[in-house]
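Reader: Hi! I'm new to this one and would love a quick tour. Could you take my questions as they come?

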Amino acid sequence: MSDYIQNLFADRIGGKTFGLGTVLYKFEKIKRARRAAEKEHPETPIIDMGVGEPDWMADSTAVERLYAEAKKRENRGYSDNGILPFQEAAANYMQTVFGVHGLNPQTEICHSIGSKPALAMIPQAFINPGDVAIVTVPGYGVLATMTKFLGGEVYQLPLLPENDFLPDLDSVPADIAKRAKLFYMNYPNNPTGAVATPEFFRKVIDFAKKNEIIVISDAAYAALTFDGYAPLSFLSIPGAKEVGVEIQSLSKAFNMTGWRLGFVAGNEKVVKGFACVKDNNDSGQFKAIQYAGVQALSTPSITERTVAKYSRRHNLLVKALSEVGFKVKKPKGSFYLYAQAPKGIEGGATFNTAEDFSQWLIREKQISTVPWDDAGHFIRFSVTFMADTEAAEIALMDEIKRRLSDAKFVW
């Protein structure tokens, strides 16, 4: 019997050649390199600095609220586009933490099963074939991928150190701006750790109004800021709600990654469009999880404790890497440290890309990172590594320095 199914895959994921290619994506390369390193050096544990999810459990108060709500008969059914108590808690959270006043819980907020599905669904409400989405790179690619799936085009704006990793909006060609419907940004940024400023957000609003573009602000890391830099929401800037929405996530700020809970807030029409698409994609997150989200959103001290940990770990990591030759500085937000990749090792290996260096790190030094070659050559370290005490954190930094002490990097 012929395998006719191979001929039926949609062109958007590869058509007849789906699954037959030999090209490996970087995360698969990382996984394979890790397996090889573990096999070659079973005596040396991998130091995983690449994981992009919190190492702490969700707060016990959220867990207890989940347990209590899961036992209630009235919470057993579909929640569709969400429950009002969660939407109200989200509005209060935006006001308390970010100073965003006046969000209507019923019309300007809609929950999502994590921020990733929201980023995938919003293009479905706005992108037609030939439309453009402007995205920043390096970055989280879901909105761009979905735009291409829908027959749209993606225009990439590089994030460069000379611009403090903020995109140059003035560089967008007029014809691109005219065809663009969506502009995606993410601050604090993954992977650079950069933060936005009110001045930049005001420029984004002017750019959106001038070109009639919808702004999608991915704020997954918005509450994770350090050293006097206050959490900043795009929606806190006058005029922002006229041009776009912000996507908030409980994954990072509240250590609830696997719980899959977030929300879209802002422009009523954009929220309504998202809710329409969402209603045709899912039947809502479990009500008990949403009530646990209410508990978390009402307890900002959870995030404050988490921020203190990440700030401390950033200090340790920056010091350790600097001592072995890296040119790094502490970011103002997120749990990522973005570091320039060296060109090679004196008298040894050469690295043409960040991916080359990342592969060397894991195979030769058993340190796992994530490479980015979209706009320069950088690797991303994450401070979400497993360490249960401050003493364990210090010991891990000492081990990183020990493993890298014999490498003289060429920059």
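Reader: Where is phenylalanine 165 found?
Author: Happy to help! This is a predicted model, and in it phenylalanine 165 sits in the loop between β4 and α6.

Reader: Is that residue, phenylalanine 165, buried or exposed?
Author: Phenylalanine 165 counts as buried, because its relative accessibility is 15% and the cut-off for buried is under 20%.

Reader: And what about aspartate 164, buried or exposed?
Author: Aspartate 164 counts as exposed, with 54% relative accessibility. Aspartate 164 is also in the loop between β4 (153-158) and α6 (174-179).

Reader: What is phi for aspartate 164?
Author: Phi is near 55° there, a positive value in a residue other than glycine. For phenylalanine 165, phi is near 60°, again positive in a non-glycine residue.

Reader: New topic: which residues does a cis peptide bond join?
Author: One cis peptide bond joins valine 137 and proline 138, with omega about 5°. Another joins tyrosine 187 and proline 188, where omega is about -10°.

Reader: Where do proline 138 and proline 188 lie?
Author: Proline 138 is in the loop between β3 (132-137) and α5 (142-149). Proline 188 is in the loop between β5 (180-186) and α7 (198-211).

Reader: Last one: what does UniProt place at residues 45-384?
Author: The unreviewed UniProt entry gives "domain: Aminotransferase class I/classII large" for that stretch. Over residues 45-384 the chain is 39% helix and 17% strand, and the end C-alpha atoms are 17 Å apart.

Notes:
Residues numbered from 1 in each chain as written. Predicted model: local features only at pLDDT ≥ 70, side-chain atom pairs only at ≥ 80, totals over all residues. Heavy atoms only, no water. UniProt positions renumbered as here; feature names shortened; annotations may be inferred. Helix = DSSP H or I, 4+ residues; strand = E, 2+ residues; numbered from the N terminus. Buried < 20%, exposed > 50% of the residue type's maximum accessible area, 1.4 Å probe, protein only.
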